[in-house]
Amino acid sequence: FFGPGQWEGKGFSPKDGYGYNLFSSKKDGKIKINRALKMKTYIGKSRYDGKDTFHVDYTPYNSIPTTFIRDEIRKINNTLYICTSVIGPIGGTLNPMPFILYGEALPWVGVDEK
């Protein structure tokens with residue numbers, strides 16, 4: 001619904017304050033990784049407990065429906081991150097959608113050209 005293929009994870013620039021989502025698709029028996037849905041990232045206060053957290057904001061780079069999505073990400077250890085995603089029109093913080101990011105971090109690649 002939100003990207004070109006099956007959602008696989010996220011990538012974040014280590015210094016530039018933005019990132020992207022990773023999607024996989026299969027063509028001619030080969031798997032392709034697509035980097036799409038660029039996002040602004042920053043550290044700020046959580047909507048839930050007021051503690052500093054990593055925020056993901058899709059508003060600056062995308063159009064509807066992704067402009068309504070905001071994520072918060074907390075590092076548990078070097079391979080596990082607990083996350084919440086909220087979509088304004090379907091309940092916002094009253095209806096958070098939890099997800100996890102896990103695995104070893106890979107090198108930054110950047111958003112695919114359109």
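This report walks through the core, the main pocket, the salt bridges and a few backbone oddities of the structure above. Keep in mind that it is a predicted model.

**The core**

Let's start inside. The largest nonpolar core is built from 12 residues: F23, A36, L37, M39, V56, Y58, I69, I73, C83, I87, F99 and L101. Four strands each put in at least two of these residues, namely β3 (30-45), β5 (69-77), β6 (80-87) and β7 (97-102). The top contributor is β3, with 3 residues. As background, nonpolar side chains in soluble globular proteins tend to be buried together.

M39 is a good core residue to click on. Setting aside residues up to four places away in sequence, M39 touches K10, F12, G17, Y18, G19, Y20, N21, V56, D57, Y58 and Y61. Among those partners, V56 and Y58 are members of the core too. D57 turns up again below, as one half of a salt bridge with R70.

**The main pocket**

Next, the largest pocket. Its volume comes to about 870 Å³. The lining is made of 27 residues, and the ones nearest the centre are K10, G11, E104, A105 and L106. If you want to find the spot on screen, those five names are a handy selection.

Which strands supply at least two residues each of the lining? They are β1 (6-12), β2 (18-27), β3, β5 and β7. The largest share, 6 residues, belongs to β1. By residue type, the lining splits into 17 nonpolar, 4 polar and 6 charged.

**Salt bridges**

Side chains of opposite charge can pair when their charged atoms come close. Searching the whole structure turns up 5 salt bridges. Here are three of them, with their N to O distances.

| Pair | N to O distance | Sequence separation | Where the partners sit |
|---|---|---|---|
| R47 and E72 | 2.8 Å | 25 residues | R47 in the loop between β3 and β4 (52-57), E72 in strand β5 |
| R74 and D49 | 2.7 Å | 25 residues | R74 in strand β5, D49 in the loop between β3 and β4 |
| D57 and R70 | 3.4 Å | 13 residues | D57 in strand β4, R70 in strand β5 |

Take R47 and E72 to begin with. Their side chains meet at 2.8 Å, N to O. R47 belongs to the loop between β3 and β4 while E72 belongs to strand β5, so this pair ties together parts that are 25 residues apart in sequence. R47 has 34% relative accessibility and so counts as partly exposed, whereas E72, at 5%, counts as buried.

Then there is R74 with D49, whose side chains meet at 2.7 Å, N to O. This pair links distant parts of the chain, with R74 in strand β5 and D49 in the loop between β3 and β4. R74 is partly exposed at 30% relative accessibility, and D49 is partly exposed at 38%.

The third pair is D57 with R70, where the closest N and O atoms are 3.4 Å apart. Here the link runs from strand β4 to strand β5, across 13 residues. How accessible is D57, buried or exposed? Its relative accessibility is 12%, so D57 counts as buried. R70, with a relative accessible area of 24%, is partly exposed.

**A closer look at E72**

E72 deserves a second visit. Besides bridging to R47, E72 is in contact with S46, R47, Y48, T53, F54, H55, I82, C83 and T84, leaving aside neighbours within four places in sequence. One of these contacts, C83, is part of the largest nonpolar core. The C-alpha atoms of E72 and T41 are separated by 9.7 Å, and the two residues are 31 places apart along the chain.

**Two positive phi angles**

Finally, a couple of backbone angles to check. D28 is not a glycine, yet its phi is positive at about 55 degrees. D28 sits in the loop between β2 and β3, and at 75% relative accessibility it counts as exposed.

L37 also has a positive phi, near 60 degrees, and it is likewise a residue other than glycine. L37 lies in strand β3, and with 17% relative accessibility it counts as buried, since the cut-off for buried is under 20%. L37 is also listed among the residues of the largest nonpolar core.

Terms used
Residues numbered from 1 in each chain as written. Predicted model: local features only at pLDDT ≥ 70, side-chain atom pairs only at ≥ 80, totals over all residues. Heavy atoms only, no water. Core = buried A, V, L, I, M, F, W, Y, C linked by side-chain atoms within 4.5 Å. Buried < 20%, exposed > 50% of the residue type's maximum accessible area, 1.4 Å probe, protein only. Contact = heavy atoms within 4.5 Å. 1 Å grid on protein atoms, 1.4 Å probe; cavity = no way out; pocket = protein on both sides within 12 Å on 5 of 7 lines; lining within 4 Å. Points joined across faces, edges and corners; volume = space filled by probe spheres on them. Nonpolar A, V, L, I, M, F, W, Y, C, P; charged D, E, K, R; others polar. Salt bridge = Lys/Arg side-chain N within 4 Å of Asp/Glu carboxyl O.
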